[in-house]
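Biologist: I'd like to take a close look at one part of this chain and then see how the rest hangs around it. Could you pull it up for us?

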Amino acid sequence: MRILLVEDEVGLSDALVHMLKVNSYSVMAVYDGESGLFEALTGTYDAVILDVMLPKMDGISVLQQLRAEKIRTPVILLTARSSLDDRVEGLDSGADYYLTKPFATRELLACLRAVLRRPDALREDDPQFGDLVLQASQGCVSCSATGKSIRVSAKELHLLQILMAEKGNIVPKDTLLDRIWGLESSVEYNNLEVYVSFVRKKLSHIGSRVTIRSTRGLGYSVEVQP
């Protein structure tokens, strides 16, 4: 399960990242609202843990923008504000749970398990681009034109999720490396190129007209071939 953590207190963020990884979650941590919104809009995370008081853009505004863009990823709000009005505002803005600081890590983990148990019917539809359908829950991609499908690895799946969410816009290589392998990873561009090659071959195998385009010096994007 991939979790997006948006928390500007570095010490707390580091502690939460460690706790989540110990409990077998994959975590991407960012430290301001604008970065949190950018990441969450990709729709590639299973849940978002979102602080309310953030630099650049507050958590409530981030949450409202996500829901306005039809991103239905479960969101747990973290805040020091505990008044009834604050809790109502958070829930009315689309939060799935409102957790007041300080909180016990056991409670946060319980909240996370609860929001992740939501029925699949309430989750995002399988994303599509051209004739390509990404079936994340099954770990595969399929072509609506040929009816063929093929299994993809976790990293191949994440690569396609990011590129398809951008709907043809170029995603820089550094951005892909950070999101797929993590900010602290030492992987190089050739690792990314290998996975792009794998995905291209699989899309060709199922007969999809969608492919991954490389723009020299910039990054990658998906496009539909004529």
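Biologist: Let's start with D14: what is its relative accessible area?

Modeller: Before the answer, some ground rules: this is a predicted model, where local features need pLDDT of at least 70 and side-chain atom pairs count only at pLDDT 80 or more, while totals for chains, interfaces and linings use all residues. Numbering runs from 1 along each chain as its sequence is written, and side-chain values use heavy atoms, with hydrogens and water left out.

Now to D14: its relative accessible area is 43%, so it is partly exposed. In these terms, buried is under 20% relative accessible area, exposed is over 50%, and partly exposed is in between, with a 1.4 Å probe and protein chains only. D14 sits in helix α1, residues 10-22. Helices here are DSSP runs of H or I with at least four residues, strands are E runs of at least two, and both are numbered from the N terminus. From D14 to V196 you travel 182 residues in sequence and 31 Å in space, C-alpha to C-alpha.

Just past that helix, in the loop between α1 and β2 (26-30), comes S24. S24 isn't a glycine, yet its phi is positive, about 70°. S24 has a relative accessible area of 63%, so it counts as exposed. K56 tells a similar story: its phi is near 75°, again positive in a residue other than glycine. You'll find K56 in the loop between β3 (47-51) and α3 (59-68), and K56 is exposed, also with a relative accessible area of 63%. One more backbone oddity is the cis peptide bond from K101 to P102, with omega near -10°; P102 belongs to the loop between β5 (97-100) and α5 (105-116).

For something better covered, try strand β7, residues 132-135. Side chains in a regular strand alternate between the two faces of the sheet. In β7, L132 and L134 are on one side, V133 and Q135 are on the other, and all of them are buried. The strand pairs antiparallel with β6 (residues 128-129) over two bridges, pairing being called when DSSP finds at least two bridges between two strands. Q128 stands opposite V133 there. The β6-β7 hairpin has two residues between its strands, and G130 takes a positive phi near 60°. β7 is also joined to β8 (residues 140-143), antiparallel, by four bridges, with L134 bridging to V141.

L134 turns up again among the contacts of Q161, which touches T42, T44, L134 and A136, leaving aside residues up to four places away in sequence. Contact here means heavy atoms within 4.5 Å. Q161 lies in helix α6 (residues 154-165) and, at 15% relative accessibility, counts as buried.

Elsewhere, three strands form an open antiparallel sheet in the order β10-β12-β11. Its edge strands, β10 (171-172) and β11 (210-215), each pair on one side only. Two bridges join β10 to β12 (residues 219-224) in the antiparallel sense, and P172 has G219 as its bridge partner.

Zooming out, the chain has eight helices and 12 strands. Of its 226 residues, 46% count as buried, and its C-alpha trace spans about 55 × 35 × 30 Å along the principal axes.
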